[in-house]
Amino acid sequence: MDAKLNYVLRLADTCLIHSQRLSEWAGHAPVLEEDLALSNIALDLLGQARALLTYAGQIEGAGRDEDQLAFLREERDYRNIVLVELPNAAASPSDGSGGRDFALTTVRNAAVALWLELLCGRLQASADIELAGIAAKSLKEVRYHRQHASDWVVRLGDGTAESQARMQAALNVLWPYVNELFAAEGVDGVGPAWSELEAEWRARWATLMQEATLTLPRDSAMQPRGIDGIHSEHMGHLLATMQHLQRAYPGGVW
Amino acid sequence: MNLDSARAKLAAVPDPEIPAISLVELGIVRDLRETASGVEVVLTPTYSGCPATELIADDVRAALAEFGDVTVTMQRAPAWSTDWITPEGREKLQRYGIVPPQCSGEQAIRIVPSLRCPRCDSGKTEQLSRFGSTACKSTWRCIECLEPFEYFKPI
C-alpha cells in the first residue's frame with residue numbers, strides 16, 4: 001500500500017472505530033450529561049474520520065468514497081490500533097451492565113484523546129495541506145475531549161475505593177495496548193513517526209495517573225499490529241454491527 | 001447579476017440548530033461569488049461531525065435558487081473559530097438564552113469561565129456538563145433562578 005495512504009488510513013480508521021465503540025454508550029451512560037458527552041465526542045471523531053477517509057479515497061484514486069471505505073472493506077484492510085476496537089468492558093459480564101464498563105471507556109478516552117491531541121498538534125504543520133487542515137480542525141475538538149476524559153480519570157481514580165479499583169482494573173487491562181500508539185512509521189512530507197509522540201505522551205500520562213492516584217502498570221512487551229490489519233477477535237464482531245446496513249442494502253444512502 | 005441582492009438573501013438564512021442567528025452571524029460564510037451559471041458560496045463547517053452541515057448547504061441552495069446554479073463549497077482551513085461570530089450574533093445568542101463565548105478560541109480551555117445567567121443576570125451559576133444538545137455548546141444552570149441555560153463553547 002502507498003505509504004501516505006497507509007498513514008492517513010491508520011488515523012482515519014482509529015477515529016472511525018473509536019467513534020463506533022463510543023456510540024455504543026448512546027442511551028446507556030451513567031448519567032444524562034455523560035450520555036451527551038460521549039455521543040458528542042463520538043460525533044466529532046466520526047466527522048474527523050469522514051474527512052480523513054474522503055482524503056484517503058482521493059489518495060487511493062480508485063473512486064472509493066468515505067462510505068465505501070468505512071463500510072465495505074474487509075477486516076484486514078482496516079488500519080486502526082487495536083486499543084480502540086476492544087469492547088467497552090474487559091469481559092462480557094452477566095451483571096446487567098450490557099457489556100459496558102464506564103471505567104474502561106474513560107481510561108481509553110483519556111489515552112486516545114491525549115494521543116490525538118499530540119498527533120494533530122504535529123500534523124497541523126504537515127507539508128500536506130489537506131491533512132494539515134483536517135488536523136488543525138480536529139485539534140480544537142480533541143483537546144476538549146482530552147480535558148473532559150482526564151477530569152473523569154481524576155474524579156474516579158481519586159474517588160471512592162470502588163471507583164478507584166475499577167479504574168485501576170481498566171488501566172491494567174488496557175495498558176499493553178497503549179504500545180501501539182507509538183508504533184507507526186513516519187512518512188516524509190506527511191506526518192511524523194508516532195514514536196516521536198511517546199516521550200511527551202508518557203510524561204503527561206504519568207502526571208495524570210499521579211493526580212488520579214492510579215498506579216502505572218508494568219510496561220508490557222506486547223506489540224499489537226492493528227495498524228497492519230492484524231486485529232483482535234473483537235474486530236469482526238464490531239464490523240458485523242457497523243457494516244450491517246451496507247451489507248444488507250448495498251449502496252443504500254440517506 | 002446583483003451580488004448585493006444575493007448577499008442579502010444569504011444573510012437571512014438562519015442556522016438550522018440555533019435559528020436565532022444567521023449563518024453569516026455565526027461566521028461560517030467565507031465567500032459569495034458569481035460563477036458562469038450562478039453563484040458559489042464558500043462555507044467553513046463548525047465541528048467536524050456537525051450533523052447540520054448538510055442541512056445548511058441545502059438551506060443555502062434553496063435561499064439562492066433564484067440566482068441560478070448554486071455551488072456550495074466546504075472549506076475546512078483555516079478552521080472555524082468562535083472568534084468569527086459577529087457582535088450582532090453574540091447579542092442575539094445572549095437574548096436567545098445562549099451565553100456567547102467569553103474568551104478567544106485560542107485561549108486555554110483549561111479554565112471554566114464564570115458566567116452570568118442569561119435570564120436573571122445572576123453570577124451564581126455552575127457548569128452541569130461540558131457538552132450539550134449540540135457539539136458547540138455546554139450545559140449550565142443558574143443557582144439563583146434555577147433555570148438551565150447553554151454556553152457557546154469557545155474553540
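Mentor: Two strands count as paired if DSSP finds at least two bridges between them. Strands (E, at least two residues) and helices (H or I, at least four) are DSSP runs numbered from the N terminus. This is a predicted model, in which local features need pLDDT of at least 70 and side-chain atom pairs pLDDT 80 or more, while totals for chains, interfaces and linings use all residues. Residues are numbered from 1 along each chain as its sequence is written, chains are lettered from A and ligands numbered from 1 in the order written, and side-chain values use heavy atoms, without hydrogens or water.

Trainee: In which sense do strands S1 and S2 of chain B run, and how many bridges join them?

Mentor: Strands of a sheet pair through backbone hydrogen bonds, either parallel or antiparallel. Here S1(B), residues 29-35, and S2(B), residues 38-43, are antiparallel and share six bridges. To find the register, take Arg33(B), whose bridge partner in S2(B) is Glu40(B). The connection from S1(B) to S2(B) is a hairpin of two residues.

Trainee: What is the strand order in the open sheet of chain B?

Mentor: Its four strands are ordered S4-S7-S6-S5, and the pairing is mixed. S4(B), 98-99, and S5(B), 125-129, are the edge strands; each has a single partner strand, so one side of each lacks a neighbour in the sheet. Between S6(B), residues 137-142, and S7(B), residues 148-152, the pairing is antiparallel, with five bridges. As a register point, Ser138(B) has Tyr151(B) as its bridge partner in S7(B).

Trainee: Which domains does the assignment give chain B, and how far apart are their centres?

Mentor: Domain bounds come from an automatic or database assignment. That assignment gives chain B domain 1 (3-74) and domain 2 (86-152). Taken over C-alpha atoms, the centres of domain 1 and domain 2 of chain B are 26 Å apart. Contact (heavy atoms within 4.5 Å) links nine residues of domain 1 of chain B with twelve of domain 2 of chain B.

Trainee: What area is buried between domain 1 and domain 2 of chain B, and which residues of domain 1 supply 55% of its part?

Mentor: Buried area is the accessible area (1.4 Å probe) that two parts lose on being put together, summed over both. Between domain 1 and domain 2 of chain B the value is about 890 Å², with 73% from carbon and sulfur atoms. On the domain 1 side, Ile18(B), Glu25(B) and Tyr47(B) account for 55% of the buried area, more than any other three residues. Glu25(B) also forms a salt bridge with Lys92(B) at 2.6 Å, N to O; the term asks for a side-chain nitrogen of Lys or Arg within 4 Å of a carboxyl oxygen of Asp or Glu. The count of salt bridges between domain 1 and domain 2 of chain B is one.

Trainee: How many residues are in contact between chain A and chain B, and what area do the chains bury?

Mentor: The contact involves 24 residues of chain A and 26 of chain B. Together the chains bury about 2,300 Å², 54% of it on carbon and sulfur atoms. Lys137(A), Lys140(A) and Tyr144(A) give 31% of the area that chain A buries against chain B, more than any other three residues.

Trainee: How many salt bridges are there between chain A and chain B, and which elements of chain A give two or more residues to that side?

Mentor: There are three salt bridges between chain A and chain B. One of them pairs Asp151(A) with Arg130(B), with the closest N and O atoms 2.4 Å apart. The elements are helix H2(A), 32-60, and helix H6(A), 129-157. H6(A) gives the most to the side touching chain B, with 13 residues.
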